[in-house]
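Let's take a walk through this protein together, from the inside out to the links that hold distant stretches to each other. Keep the structure open as you read.

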Amino acid sequence: MSGFDDEEVGWMWWFAFLALVVWALSVVLGSTQSYNRAEWTHWVDEDGDCLTTRHEVLASESLITPTITDCRVVGGLWRDPYTDHLHANPSDLDIDHVVSLHEAHVSGGSLWSADRKRRYANDLQNPQHLVAT
């Protein structure tokens, strides 16, 4: 015996169902906090070797030994993973987060600390996280 009558149990189930619906909507709709890209500090020199994250990605994805001058990748050869086009000028390339900063934000990243947002924006551990395109 639970100590609750049938009507009380019915109401408890109803409230549990409503709580589940509210939770599910919050997951589906994502963050209600507005996205501000400036909160996601990116292109930092995380390892102190003078190359920012952008240039680390360019250097690691170049199909040939990249040319680095004054802490910047100024030459190399890159294949765009989406178009299969080759690029020889790093200025022609963007570095994309495969899971965008905005998507991370609405999927729970809005609750992260500034340090965690910076680490996510500059994560080089997963070679598929940032791509030159």
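A salt bridge here means a side-chain nitrogen of Lys or Arg within 4 Å of a carboxyl oxygen of Asp or Glu. Keep in mind that you are looking at a predicted model. With that cut-off in hand, look at Asp84 and Arg79: their side chains meet at 3.5 Å, N to O, so the pair counts as a salt bridge. Arg79 is partly exposed, at 41% relative accessibility.

How many salt bridges are there by this rule? The count comes to five. Let's look at a couple of the others.

Start with Arg118, which forms a salt bridge with Glu46, the closest N and O atoms being 2.7 Å apart. Arg118 sits in helix H4 (residues 114–121), while Glu46 belongs to the loop between helix H1 (6–29) and H2, so this pair ties together parts that are 72 residues apart in sequence. Glu46 is partly exposed, with a relative accessible area of 45%.

Now stay in H4 and find Asp115, which forms a salt bridge with Arg119 at 3.0 Å between the closest N and O atoms. Why can these two reach each other along a helix? An α-helix has 3.6 residues a turn, so residues three or four places apart point the same way. Asp115 and Arg119 are four residues apart in H4, or about one helical turn. Both are partly exposed: Asp115 has 37% relative accessibility, and Arg119 has 43%. Through salt bridges that share partners, Glu46, Asp115, Arg118 and Arg119 are joined into one network.

Next, the covalent link. The model has one disulfide by the distance rule, and it joins Cys50 to Cys71, with the sulfurs 2.2 Å apart. The angle about the S-S bond is -110 degrees, which makes the link of Cys50 and Cys71 left-handed. Where do its two ends sit? Cys50 is in the loop between H1 and H2 and Cys71 is in the loop between S1 and S2, so the disulfide ties together parts that are 21 residues apart in sequence. Cys50 is partly exposed at 34% relative accessibility, and Cys71 is partly exposed too, at 31%.

Time to go inside. Helix H2 covers residues 53–61, and Thr53, Arg54, His55, Glu56, Val57 and Leu58 are buried there. What do the buried residues of H2 pack against? Their partners are strands S2 (72–75), S3 (78–79), S5 (95–97) and S6 (130–132).

Two of those H2 residues, Val57 and Leu58, belong to the largest nonpolar core, together with Val73, Trp78, Leu93, Ile95, Leu130 and Ala132, eight residues in total. H2 and S6 are the elements that give two or more residues to this core. Ala132 is a handy place to click: beyond its neighbours within four places in sequence, its contacts include Val57, Leu58, Trp78, Leu93 and Ile95, as well as Glu61, Asp80, Pro81 and Asp94. Apart from this core lies another one, of five residues, among them Trp40, Ala104, Tyr120 and Ala121.

Finally, back out to the surface. Leu63, Ile64 and Leu86 make a nonpolar patch of about 280 Å². To find it, look for Leu63 in the loop between H2 and strand S1 (67–69).

How values were computed: Residues numbered from 1 in each chain as written. Predicted model: local features only at pLDDT ≥ 70, side-chain atom pairs only at ≥ 80, totals over all residues. Heavy atoms only, no water. Buried < 20%, exposed > 50% of the residue type's maximum accessible area, 1.4 Å probe, protein only. Contact = heavy atoms within 4.5 Å. Patch = residues over 30% accessible without salt bridge, like charges linked within 9 Å, V, L, I, M, F, W, Y side chains within 5 Å. Areas by Shrake-Rupley, 256 points an atom, 1.4 Å probe, with all protein chains shown as cover. Disulfide = S-S within 2.5 Å. Core = buried A, V, L, I, M, F, W, Y, C linked by side-chain atoms within 4.5 Å.
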